[in-house]
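Biologist: I would like to learn how the words used for a protein model are justified by the values behind them. Could you take me through it step by step?

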Amino acid sequence: MIRGQSLPDIQRGRHRIRIEYFGGRLALYVVITVGAFIFSTPLLWMISTSLKSPELINRIPIVWIPPELRWSNYIDPWREMPFLLFYWNTIFITVTNTVMILITNSLVAFGFARIPFKGRTIIFFVLLATMMLPPQVTMIPTYLFWSRLRLVNTFWPIMAPEWLSAAYDVFLMRQFYMTISTDLDEAARIDGCGWFGIYRHIILPLSKPVIGVLAILNFSFNWNNFITPLIYLNDSKLFPIALGLRLFETQMGGGDTYVRLGPLMAMTLVSIIPLMVAFFVAQRYFIQGIVMTGIKG
C-alpha cells in the first residue's frame, strides 16, 4: 500500500487505469475497422459488380448484394478469350524475372557490401544516380535497340532488362548486408571459404527478410506490368494478363461506348488472387525486411 493512500483509493485508481486502457484499445480498434472498411470499399465494389447482371451494375443507389448471383461472369470469359494462355504467359514472365532479379541483384549488392575494391563508393553512387533518370527518357532509344535486334514481339525486351541489376534493389540488399557482422566473413575465410562461399553459406541464409521484400515487390511489378508488353508485343498469343484484360474490354465489349463490367470485374478479381496469396505467404518476411533494412549503412 502506498503511504498516504487508503485501499479504496488505490482500487479506484487501478479501476480508472483499466478503464482508460480498454477505452483506448476500443477506440483504436474502431478507427482501424473504419479505415479498413473505407480502403476495402473498391475491392468490395469489384466483388459485388462481378456477381451482378448488367441491369444492376449502374443502378442508383448501389445494390451491394444482388438478389441473384451471376456466376456466369466468371465462366463466360474463359470461353470467349484464351485467358489460360494469358495466365501462362504472365506466370512465365513473372517467375523467371523474379528469380533472375534476386540472383543478379543479390550478387551485385554482395560485391558493394562485402568485397573491397578501388572506386567502390563512387561506382555505387553512380548506380544510385540512375534512379533519377525517368524511364520515359530511355523508352524510345530502348525500343530502337530491340528493334535493331529484331526482337520486338518477343519476350526478350520484357525479360532481359529485368535481369540486369536495378539500383533500388541493389541499394536495399546492400543496406541489409551491411547489418550482418563482418566477423562471420572472417570466420568463414579461416575455414577456407572464398567470396562466393561466404555469399552462399553466410549471407544468403541470413538475408531471407530482404529477399522476401524484393520477391514481393518484383512479383507484383511484373505481374501487373502493362506498359512494357503494350510497347513490344503485337501478337495476342504472347499477351500477359494485363494486356489480356484490356483486349477483353475492347473486343468483347462495345469499345468506348459499352463495357461488360460484370465479366471484366470477375476476371480482374481472379487476376489479383495470386498477388494476394504471394503477399500473405511472405508477409512476415516483408515486414521484417522493411524494418531491418537501412539500420546500418
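Modeller: What follows is a set of questions about a predicted model, each answered by setting a value against a cut-off.

Biologist: Then let us begin with the whole chain; how many helices and strands does the protein have?

Modeller: The protein has 15 helices and zero strands, and buried residues make up 35% of its 297 residues. The protein exposes about 18,500 Å², of which carbon and sulfur atoms supply 69%.

Biologist: Why is T49 called buried?

Modeller: The word buried is kept for residues under 20% relative accessible area, and T49 has a relative accessible area of 1%, so T49 is buried. T49 has its place in helix α1, which runs over residues 7–50.

Biologist: Which residues does T49 touch, not counting those up to four places away in sequence?

Modeller: With those set aside, T49 touches I57, N73, L261, G262 and M265. T49 and R70, which are 21 residues apart in sequence, are 9.6 Å apart in space, C-alpha to C-alpha.

Biologist: What makes the approach of the T49 side chain to the backbone oxygen of W45 a polar contact?

Modeller: A polar contact needs a pair of N or O atoms within 3.5 Å, one able to donate a hydrogen and the other to accept it; the side chain of T49 reaches the backbone oxygen of W45 at 2.7 Å, and therefore the distance falls within the cut-off.

Biologist: And why does T268 count as buried?

Modeller: T268 has 18% relative accessibility, and because the limit for buried is under 20%, T268 counts as buried. T268 is placed in helix α14, residues 261–281, and the side chain of T268 reaches the backbone oxygen of L264 at 2.7 Å. Not counting residues up to four places away in sequence, T268 touches M46 and L245.

Biologist: Why is R150 called exposed, while N153 counts as partly exposed?

Modeller: Exposed means over 50%, and R150 has a relative accessible area of 77%, so R150 is exposed. N153 has 25% relative accessibility, which lies between the 20% and 50% limits, and therefore N153 counts as partly exposed. R150 has its place in the loop between α6 (135–148) and α7 (156–163), and N153 is also placed in the loop between α6 and α7.

Biologist: What makes the phi values of R150 and N153 worth pointing out?

Modeller: Most residues other than glycine have a negative phi. Phi of R150 is near 60°, a positive value in a residue other than glycine, and phi of N153 is near 70°, also a positive value in a residue other than glycine.

Biologist: Which residues touch the most other members of the largest nonpolar core?

Modeller: Of the 26 residues in that core, M81, F83, F86, W223, F239 and I241 touch the most other members. Helices α4 (83–114), α7, α11 (208–224), α13 (241–251) and α14 each supply at least two residues of this core, and the largest share, six residues, comes from α14. Apart from this core lies another, of 23 residues, among them F124, A167, L172 and I180.

Biologist: Which residues is W223 in contact with, leaving aside its neighbours within four places in sequence?

Modeller: With those neighbours left aside, W223 is in contact with Y87, T90, I91, T94, I241, S271, P274 and L275. For the protein, among contacts between residues at least 6 apart in sequence, 72% join residues at least 24 apart.

Key
Residues numbered from 1 in each chain as written. Predicted model: local features only at pLDDT ≥ 70, side-chain atom pairs only at ≥ 80, totals over all residues. Heavy atoms only, no water. Helix = DSSP H or I, 4+ residues; strand = E, 2+ residues; numbered from the N terminus. Buried < 20%, exposed > 50% of the residue type's maximum accessible area, 1.4 Å probe, protein only. Contact = heavy atoms within 4.5 Å. Areas by Shrake-Rupley, 256 points an atom, 1.4 Å probe, with all protein chains shown as cover. Core = buried A, V, L, I, M, F, W, Y, C linked by side-chain atoms within 4.5 Å.
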